[in-house]
Structures are given as structure tokens and as C-alpha cells.
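Please look through the sequence and the structure below before reading on. The report that follows takes up a sheet, a helix and a loop residue in turn.

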Amino acid sequence: MRPEYETELDRANERDVAALIGNYWGVRMVKTPRRYPYDYLAIDYADNAQALIEVKARKNEAGRYPTYLISLAKIVDCQTAANVSGLVFYLVVSFTDKIMFWQFQDNEFFVNFGGRSDRGDNQDREPMAFIPMEHFEVLDVT
């Protein structure tokens, strides 16, 4: 069994970001069970589901790298769920200097092998989606 790398602090940060998203977009953010590939279902105040949301937090500034890396399997699973449900899929990333989001679009990323190599976990390296940062929009929550 693989180690659990997500900490309680990570989960608290995710909840904080989800609250900001909910306030900004005027939706209720409902946390999904662990078996779902995305973190939240965004529901409007008429009680209609609007979007599938994956929330990530990074410990670097948004401009540090030219691309954002995320597991290709995560993108495939989330977009498959979006296609089946008829909803949109957003990836929301909290960087140290801003919060940004990306709405899934075909052909806005490229695939290569990558991931982490600093934890000694051979499953941390896999096919990754490399999303150019210019495809992200700033979530102006100030």
C-alpha cells in the first residue's frame, strides 16, 4: 500500500481555497468522497450542479515554472466524469502568490513522463499533463 502524502494541513488549505471559490463564483462547494477523482462539486443556489472542481495547493509562486504538471490519469478521470455528467471541469491551483484556475480544453496541454523523484516512491513518476501557465486565469479573490 502506498503512503498517504496528503496531510491534515493540506486538507485544511484545500477547504480554505474551496470556500474562496464558492464565494467568488457564488456556488456551494460540496466535498466529494475519496472515491471520486475530483475534490468538489460546485452547486448553485438553485441546487443545480454546475462544475467538477479539483483543488491543488503548491508551495511556489505561479510564475516559477512555464507549465503546471498534474497526473494524466487525474485529468482523464475528471474530464470523463465531466463528459458523462455534462458539467465542466476546473482545476484550481493555490500558489503562494495567487489562486489560478483552468477549465479543461482539448489540446491545451501536452503529455510527457514526469512527477516527483524526491520521495523514493517509484509510483510518483507517471504520464503527466503539462498545462502551459498562460492557459490559467487568475481567481481574483481579493
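In this predicted model, Phe110 stands opposite Phe130 in β8. The two strands concerned, β7 and β8 (residues 125–132), run antiparallel and are joined by 6 bridges. They belong to an open sheet of 3 strands, which follow one another in the order β4-β8-β7 with antiparallel pairing. At the edges of this sheet lie β4 (67–71) and β7 (110–115), each of which pairs on one side only. Neighbouring strands of the sheet are turned against each other by 45° on average, if direction is ignored. Helix α2 (residues 72–85) packs on this sheet, where it touches β4, β7 and β8, and its direction makes about 75° with that of β4.

Another helix, α1, covers residues 8–25 and so has a length that can be checked against an expected value. Its 18 residues reach 26 Å from the first C-alpha to the last, which is close to the 26 Å expected at 1.5 Å a residue. Which residues of α1 are buried? They are Glu14, Val17, Ala18, Ile21 and Gly22, and because they cover an arc of only 145° around the axis, they lie on the same side of α1. The face turned away from that buried side carries Leu9 and Asn23, which are exposed. As for their surroundings, the buried residues of α1 pack against four strands, namely β1 (28–31), β2 (40–43), β3 (49–57) and β5 (88–94). Just after the helix, Gly26 takes a positive phi of about 65°.

The loop between β2 and β3 holds Asp44. Is Asp44 buried or exposed? Asp44 counts as buried, because its relative accessibility is 19% and the cut-off for a buried residue is under 20%. Leaving aside residues up to four places away in sequence, Asp44 touches Val27 and Gln50. Asp44 can also be placed relative to Gly22 of α1, since a separation of 22 residues in sequence corresponds here to 9.2 Å in space, taken from C-alpha to C-alpha. The side chain of Asp44 also reaches two backbone nitrogens, which are set out in the table.

| Side chain | Backbone nitrogen reached | Distance |
|---|---|---|
| Asp44 | Ala46 | 3.0 Å |
| Asp44 | Asn48 | 2.8 Å |

Taken together, the loop residue Asp44 is buried and its side chain reaches the backbone of Ala46 and of Asn48.

Note on methods
Residues are numbered from 1 along each chain as its sequence is written. This is a predicted model: local features need pLDDT of at least 70, side-chain atom pairs count only at pLDDT 80 or more; totals for chains, interfaces and linings use all residues. Side-chain values use heavy atoms; hydrogens and water are left out. Buried means under 20% relative accessible area, exposed over 50%, partly exposed in between (1.4 Å probe, protein chains only). The arc is that of the directions from the helix axis to the C-beta atoms. Contact means heavy atoms within 4.5 Å. Two strands pair if DSSP finds at least two bridges between them. Axes are lines fitted to C-alpha atoms, for helices over the stretch in contact, and angles run from 0 to 180 degrees between N-to-C directions. A polar contact is a pair of N or O atoms within 3.5 Å; within protein, one must be able to donate a hydrogen and the other to accept it, and residues adjacent in sequence count only if both atoms are side-chain atoms.
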